[in-house]
Structure formats: C-alpha cells, structure tokens
Amino acid sequence: MPKISRKGQLMPSSPIRKLVPYAEQAYKDGKTVYHLNIGQPDIKTPEVAMDAVKNTSLDILAYSRSEGSEGYRKKIAQYYAKNDIHVDHNDIIVTTGGSEALLFAFGSIMDSDDEIIIPEPFYANYNGFSTASDIKVVPVISKIEDNFALPAIEEFEKLITDKTKAILICNPGNPTGYLYSREEIKKLEAIVKKHDLFLIADEVYREFVYDGNEFYSIMQEEGLEEHAIMIDSVSKRYSMCGARIGYLVSKNKEVIKTALKFAQARLSPPTLAQIAAEAALDTPQSYFDDVIVEYVKRRNTLIKELKTIEGLKIAEPKGAFYCIVELPIKSADHFAQWLLESYEYNKQTVMVAPAAGFYSTPNMGLNQIRIAYVLNEETLIKAVHILKEALKVYPN
Ligand SMILES: Cc1ncc(COP(=O)(O)O)c(C=O)c1O
C-alpha cells in the first residue's frame with residue numbers, strides 16, 4: 001500500500017474536536033450538552049456584513065487579487081489607523097482566515113527543522129501549523145500560578161539556538177486570556193532585536209480586552225518594523241468565523257513579498273467573504289461596546305461560579321474569551337470523555353477542552369481544562385453547576 005507522509009502521521013488531531021464523537025453519542029442518548037469547549041461565539045454577525053452579502057449583485061463569483069482586493073485592504077488600513085496602528089494597504093495580505101496567515105508567515109520565514117519559541121499553553125493549532133510547515137515548536141512555560149504572564153526573558157534566551165527564527169505570542173491569549181503589557185512587548189522587542197528574530201503576534205482577539213486595560217500591538221512598537229508580523233482575523237471580531245477571512249500584516253517588505261508568493265499559489269482569498277468582511281468594517285462602535293459588556297458579564301459570572309468549586313485553580317482572564325482551570329483530578333482527557341459518555345445531571349452534561357493539547361511539553365496541563373465563555377450567563381451558571389456536581393461523583 002502507498003505510504004502516508006511522516007508529516008501526515010505526525011499531524012496532531014485537534015484536542016477540541018477529538019471529543020466530538022462522544023458528544024454526538026451524548027445527543028443520541030438524549031442529553032443536552034453545554035459547549036464550553038469551543039470558541040464559536042453565539043453573538044450575532046453585524047447586520048451590515050450580512051446585508052452586504054444579501055445585496056450583492058455579482059454576475060460572476062470571480063477570483064479576487066491574491067493579496068485581497070485593494071479597496072478592502074485600504075479600508076483595513078483605516079481600521080488599523082483608528083486603533084493607532086499605522087500601516088499601508090500594501091503591508092496587508094488578506095488570507096483565508098488567520099489560520100492561513102499563520103501558515104504563510106511560517107512558510108515565509110522558516111525552513112525545515114527551524115525553531116519557533118512559543119509561550120505555552122498556546123492555541124493548539126500552532127502545533128498543527130508547525131508540523132505542516134516541518135518546523136519545531138520550542139515551548140517556554142508560563143504558569144497558572146502567575147496567571148500565565150510572560151515568562152522571564154532569561155527563559156527565552158536559554159532556548160535560543162542557531163535554528164531559532166521567531167517568537168510567537170498570542171495577545172490577548174487563547175487559551176489563557178492573558179493580555180501582554182507594553183513592558184512585556186518591549187522585553188520581547190529587545191530579545192528579537194538582539195538575536196535577529198521575527199516576532200509574530202496573533203492579535204485576533206484585539207477587541208476583547210476587559211477592565212479598562214489597554215491593548216498594545218507589536219505594530220505600535222517603533223523600531224520593530226523589520227521583525228514584526230501580525231496575524232489578524234475577522235472571525236471573532238465580528239462573529240463571522242465561517243467567512244474565513246484573516247490578514248497577515250508586516251512592514252517588512254521582504255516578508256510581504258514572500259508571503260504574496262504563497263498567496264498567489266492559492267490564487268485568491270474568498271471573494272464573497274471579502275465583501276462581507278469589508279462591510280463589517282462599518283460596524284458601529286455600539287456593537288463592540290455591547291459585545292464587551294456581555295463578555296465581561298459572562299467572564300465575571302463564570303469566575304464567580306467556578307470559585308464555588310473546591311480545589312480549583314483559575315487563571316483570571318483579562319482578554320479573549322477563554323480561561324484555563326486546574327481541576328482536582330488526574331486526567332482531564334479522561335474526565336472530559338467521562339462527562340460526555342458516562343455522566344448526566346437531569347439529562348444534561350458539559351463538554352470541555354482538555355488543556356494538554358494546548359501544551360507541547362509532554363505531561364503538562366494534564367489536570368487542566370480550557371473553558372470558552374461563549375454562552376450566555378444563564379447557561380454558564382447551569383454548566384458550571386453541572387461541572388461541580390460531576391466532580392463530586394467522578395471516580396478520579
Ligand atoms: C488564537 C487564534 N488564532 C487564530 C485562529 C484562527 O482563526 P481563523 O482561521 O478563523 O481566523 C484562532 C481561532 O480560534 C485563534 O483562537
């Protein structure tokens with residue numbers, strides 16, 4: 001039989017999606033499953049975006065330019081300017097989701113066996129994108145006890161080799177909810193300059209920042225122009241995950257020139273979705289204000305309810321809509337499966353994401369789960385109650 005590639009065999013399956021068959025069985029068994037496991041917001045997509053798709057009068061759904069339509073990129077540059085990020089539309093490549101922007105970034109700056117340092121826990125698909133790009137993730141461990149703050153710079157320095165090409169951060173963080181301060185970005189700036197590395201920042205949750213904290217982008221940092229690559233996406237910002245639109249942004253002309261070749265190879269980002277995403281840029285500020293109020297309420301409710309469970313450790317999120325919770329159990333993998341397969345509370349159960357998949361260091365996060373607070377407050381209260389009752393009877 002012809003053989004599957006080594007890369008193909010090494011590709012990790014998604015830690016979030018691997019429990020899906022158990023959830024499907026739970027539905028078949030007549031259980032209601034509350035999904036705390038996946039970052040699919042229940043917030044409505046802005047009307048302006050939906051209307052733009054409904055009202056389109058295209059005769060041919062043609063390819064767009066490989067880097068995205070010029071009009072759209074000019075509007076994106078205006079959106080950034082409002083956020084104090086000053087880039088030209090030619091510094092932007094529109095991609096098929098932030099996912100493709102990550103792949104283009106990895107492909108543009110790293111060769112086989114090159115290394116990328118990532119604070120862990122990190123967005124699980126960074127593992128998959130690294131495997132697909134044949135590069136090695138070198139994790140630097142951030143701790144729940146420190147709320148997942150940036151590890152000391154000495155920890156990064158210890159890991160730098162002649163194969164190291166980049167440091168990747170997610171700000172605000174999925175799965176940690178951590179928001180990097182300006183000082184932390186400056187520390188990263190110093191290290192990437194000293195060792196001549198790229199700094200990639202996945203800023204897809206930029207708008208989701210709470211408690212009056214300020215978001216600080218790597219693109220705002222003067223002097224970092226040649227090092228900084230920003231990954232962005234409309235998926236969460238406008239609750240339009242299915243549009244599949246993201247961007248790679250960099251002032252480094254060589255990076256853009258190279259990423260454009262990857263973009264040309266796949267011809268075009270989705271044309272219809274660009275129409276929706278361009279219109280979404282006209283979303284009124286009141287939409288975001290309402291969304292943030294809603295997420296703050298959800299986060300506060302979630303944390304308050306979780307704190308009623310004994311033996312839990314929680315890293316309090318300052319942004320995005322996730323948090324990591326350490327449970328008084330041995331295996332979150334087993335627990336998550338057990339919740340779906342063997343547990344019910346008045347015909348209801350919860351689905352959580354075991355956190356081990358958000359680490360690349362073996363045996364890390366085994367007793368942790370990631371909770372996405374993408375459900376309304378009432379449902380969150382029910383879901384945490386079920387979690388609490390389940391822990392009481394879980395045969396640890
Ligand atoms: C941190 C982070 N980066 C990138 C992505 C990719 O999103 P998309 O490809 O939908 O833009 C996600 C999606 O959940 C994410 O959480």
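How much area is buried between domain 1 and domain 2, and what share of it do carbon and sulfur atoms give? Keep that in mind as you open the viewer; the model you are looking at is a predicted one.

**Stop 1: the two domains**

Start by giving each domain its own colour. Select 6-44 together with 286-393 for domain 1, then 58-280 for domain 2, following the domain assignment of the chain. If you place a marker at the centre of each, taken over C-alpha atoms, the markers will sit 25 Å apart.

Now turn to the boundary between the colours. About 3,300 Å² is buried between domain 1 and domain 2, with carbon and sulfur atoms giving 60% of that area. On the domain 1 side, pick out K318, A320 and F358: these residues lose the most area to domain 2, and together they make up 19% of what that side buries. To see the full extent of the contact, show the 40 residues of domain 1 that touch 37 residues of domain 2.

**Stop 2: polar links across the boundary**

Stay at the boundary and switch on side chains. Three salt bridges cross the interface of domain 1 and domain 2. For a salt bridge to zoom in on, select E145 and K313, whose closest N and O atoms are 3.0 Å apart. Widen the search to polar contacts, and 16 residue pairs link domain 1 and domain 2.

Which elements supply the domain 1 side? Colour α1 (6-10), α11 (285-306), β9 (313-314), β10 (322-326) and β13 (368-372), each of which supplies at least two of the residues touching domain 2. Helix α11 is the biggest giver here, with seven residues. If you then colour this side of domain 1 by residue class, you should find 24 nonpolar, seven polar and nine charged residues.

**Stop 3: the ligand**

Next, centre the view on the ligand. There are 13 residues around the ligand, and G98, S99, D202, S233 and S235 are the closest. Show these as sticks and try a few distances.

- Select D202: an N or O atom in its side chain is 2.6 Å from a nitrogen atom of the ligand.
- Select S233: here the partner of the side-chain N or O atom is an oxygen atom of the ligand, 2.6 Å away.
- Select R244: one of its polar side-chain atoms lies 2.7 Å from an oxygen atom of the ligand.

**Stop 4: R266 and its neighbours**

Move on to R266, in the loop between α9 (253-265) and α10 (271-280). Which residues does R266 touch, leaving aside those up to four places away in sequence? Select S66, V94, T95, T96, E100 and F104 to see them. One of these contacts spans a long stretch of chain: R266 and T96 are 170 residues apart in sequence, yet their C-alpha atoms are 9.8 Å apart in space.

Then follow the R266 side chain outwards. It reaches the backbone oxygen of S66 at 3.0 Å. The backbone oxygen of V94 also lies 3.0 Å from a polar atom of the R266 side chain.

**Stop 5: a salt bridge from helix α9**

The whole structure holds 28 salt bridges. For another example, select K253 and D91, whose side chains meet at 3.2 Å, N to O. K253 belongs to helix α9 and D91 to the loop between α4 (70-82) and β2 (92-95), so this pair ties together parts that are 162 residues apart in sequence.

**Stop 6: backbone details**

Finish with the backbone, and look at some peptide bonds. E120 and P121 are joined by a cis peptide bond with omega of about 5 degrees. You will find P121 in the loop between β3 (115-120) and α6 (125-132). A cis peptide bond also joins N171 and P172, with omega of about -10 degrees. Look for P172 in the loop between β5 (164-170) and α8 (182-195).

Your last selection is N346, in the loop between α12 (332-341) and β11 (348-351). N346 is not a glycine, yet its phi is positive, at about 50 degrees.

How values were computed. Residues are numbered from 1 along each chain as its sequence is written. This is a predicted model: local features need pLDDT of at least 70, side-chain atom pairs count only at pLDDT 80 or more; totals for chains, interfaces and linings use all residues. Side-chain values use heavy atoms; hydrogens and water are left out. Domain bounds come from an automatic or database domain assignment. Contact means heavy atoms within 4.5 Å. Buried area is the accessible area (1.4 Å probe) that two parts lose on being put together, summed over both. A salt bridge is a side-chain nitrogen of Lys or Arg within 4 Å of a carboxyl oxygen of Asp or Glu. A polar contact is a pair of N or O atoms within 3.5 Å; within protein, one must be able to donate a hydrogen and the other to accept it, and residues adjacent in sequence count only if both atoms are side-chain atoms. Helices (H or I, at least four residues) and strands (E, at least two) are DSSP runs, numbered from the N terminus. Ala, Val, Leu, Ile, Met, Phe, Trp, Tyr, Cys and Pro count as nonpolar, Asp, Glu, Lys and Arg as charged, and the others, Gly among them, as polar. A residue is near a molecule or strand if one of its heavy atoms lies within 4 Å of it.
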